[in-house]
Amino acid sequence: MYDDILLPVAPGGKGNDAIPHAESLAERYDATVHVVSAIDTVAQTLRGPQAGAFAERVEDAAEERVETVTAELESAGVDVVGSVVRGEPVDVIENAIDDVGADIVVMPSHARSGLQRVLLGSVTEKVVRVSPVPVVTVPMADDDAEEAEDGEAADAGDGPDPE
């Protein structure tokens, strides 16, 4: 059913809860995962003495992220191909769907609401609207909520749960 899975990753991103889902689908369907990271062209259009250094850092971060994710998937025995592409993230993902012949896209979604959602939009939301193939969206864990839960668990001691 799924021979080629597209897994977009953000440059410099540390966590991506979509990776285990892509891995699971790849194992189940003996599929290849295509990891792609977009180097947003905005970084290329900046001017000034720091612009070149910034663009280079973005590109290095994207390459490092793709290498990390591909290594993680390879160590799990998944066939994987990685690439870094210049362009607007939605365009890069849309083109990658066609270029790799993806049967499905697996990507994280970030919970944004209110004005932040209106102003920033969401790459994931845009991909869902334009994708000719199914898109699996995986909610990202809220680090602040996890830290609070970890702190509460540490304060609760080692006793049994009251449930």
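Long-range contacts dominate here: residues 24 or more positions apart account for 79% of the contacts with a separation of 6 or more in the protein. Keep in mind as you read that this is a predicted model. The protein has seven helices and five strands, and from the N terminus on these elements run β-α-β-α-α-β-α-β-α-α-β-α. Of its 163 residues, 33% are buried. The points below start with helix α4 and its partners, then turn to helix α1 and to some single residues worth finding on your screen.

**Helix α4: length and faces**

- Helix α4 covers residues 89-100, which makes 12 residues; at 1.5 Å a residue these should span 16 Å, and the end C-alpha atoms are indeed 16 Å apart, so the expected and modelled lengths agree.
- Val 90, Val 92, Ile 93, Ala 96 and Ile 97 are the buried residues of this helix.
- Looking down the axis of α4, you will find these buried residues within an arc of 160 degrees, so they line one face of the helix.
- Turn to the other side of α4 and you meet Asp 98 and Asp 99, which are exposed.
- Right after the helix comes Gly 101, with a positive phi near 70 degrees.

**What α4 packs against**

- Four strands receive the buried residues of α4: β1 (4-8), β2 (32-39), β3 (79-86) and β4 (104-109).
- Helix α6 (123-130) is also among the elements that the buried residues of α4 pack against.
- The axes of α4 and α6 come within 10 Å and cross at roughly 40 degrees.
- That angle is neither under 35 degrees nor in the range of 65 to 115, and the two helices are therefore oblique to each other.
- The crossing of α4 and α6 is right-handed.
- On the α4 side, the contact is made by Pro 89, Val 90, Ile 93 and Glu 94, and on the α6 side by Val 123, Lys 126, Val 127 and Val 130.

**Helix α1 and the residue after it**

- Helix α1 takes in residues 19-29, and its buried residues include Ile 19, Ala 22, Glu 23, Leu 25 and Ala 26.
- These residues cover an arc of only 165 degrees around the axis, which puts them on the same side of α1.
- Asp 30 comes just after α1, in the loop between α1 and β2.
- Although Asp 30 is not a glycine, its phi is positive, at about 50 degrees.
- Asp 30 has a relative accessible area of 65%, over the 50% cut-off, and so counts as exposed.

**Val 80 in strand β3**

- Val 80 is found in strand β3.
- With a relative accessible area of 15%, Val 80 is buried, because buried means under 20%.
- Val 33 is 47 residues away from Val 80 in sequence, yet the two are 4.7 Å apart in space, C-alpha to C-alpha.
- Leaving aside neighbours within four places in sequence, Val 80 is in contact with Thr 32, Val 33, Val 35, Thr 70, Leu 73 and Glu 74.

**Ser 131 and Glu 125, in and after α6**

- Ser 131 is found in the loop between α6 and β5 (135-139), and at 15% relative accessibility Ser 131 counts as buried.
- Not counting residues up to four places away in sequence, Ser 131 touches Ile 97 and Val 105; Ile 97 is one of the buried residues of α4.
- The C-alpha atoms of Ser 131 and Asp 98 are separated by 9.8 Å, with their positions 33 residues apart along the chain.
- Glu 125 lies in helix α6 itself and is partly exposed, with a relative accessible area of 30%.
- Glu 125 and Val 135 are 10 residues apart in sequence and 9.8 Å apart in space, C-alpha to C-alpha.

**Val 58 in helix α3**

- Val 58 is found in helix α3, which covers residues 51-75.
- Val 58 is buried, with a relative accessible area of 16%.
- Ala 38 and Val 58 are 20 residues apart along the chain, and their C-alpha atoms are separated by 9.6 Å.

Note on methods. Residues numbered from 1 in each chain as written. Predicted model: local features only at pLDDT ≥ 70, side-chain atom pairs only at ≥ 80, totals over all residues. Heavy atoms only, no water. Expected span 1.5 Å × (residues − 1). Buried < 20%, exposed > 50% of the residue type's maximum accessible area, 1.4 Å probe, protein only. Arc of directions from axis to C-beta. Contact = heavy atoms within 4.5 Å. Axes fitted to C-alpha atoms, helices over the stretch in contact; angles between N-to-C directions. Parallel < 35°, antiparallel > 145°, perpendicular 65-115°, else oblique. Left-handed = near helix turned anticlockwise from the far one by under 90°.
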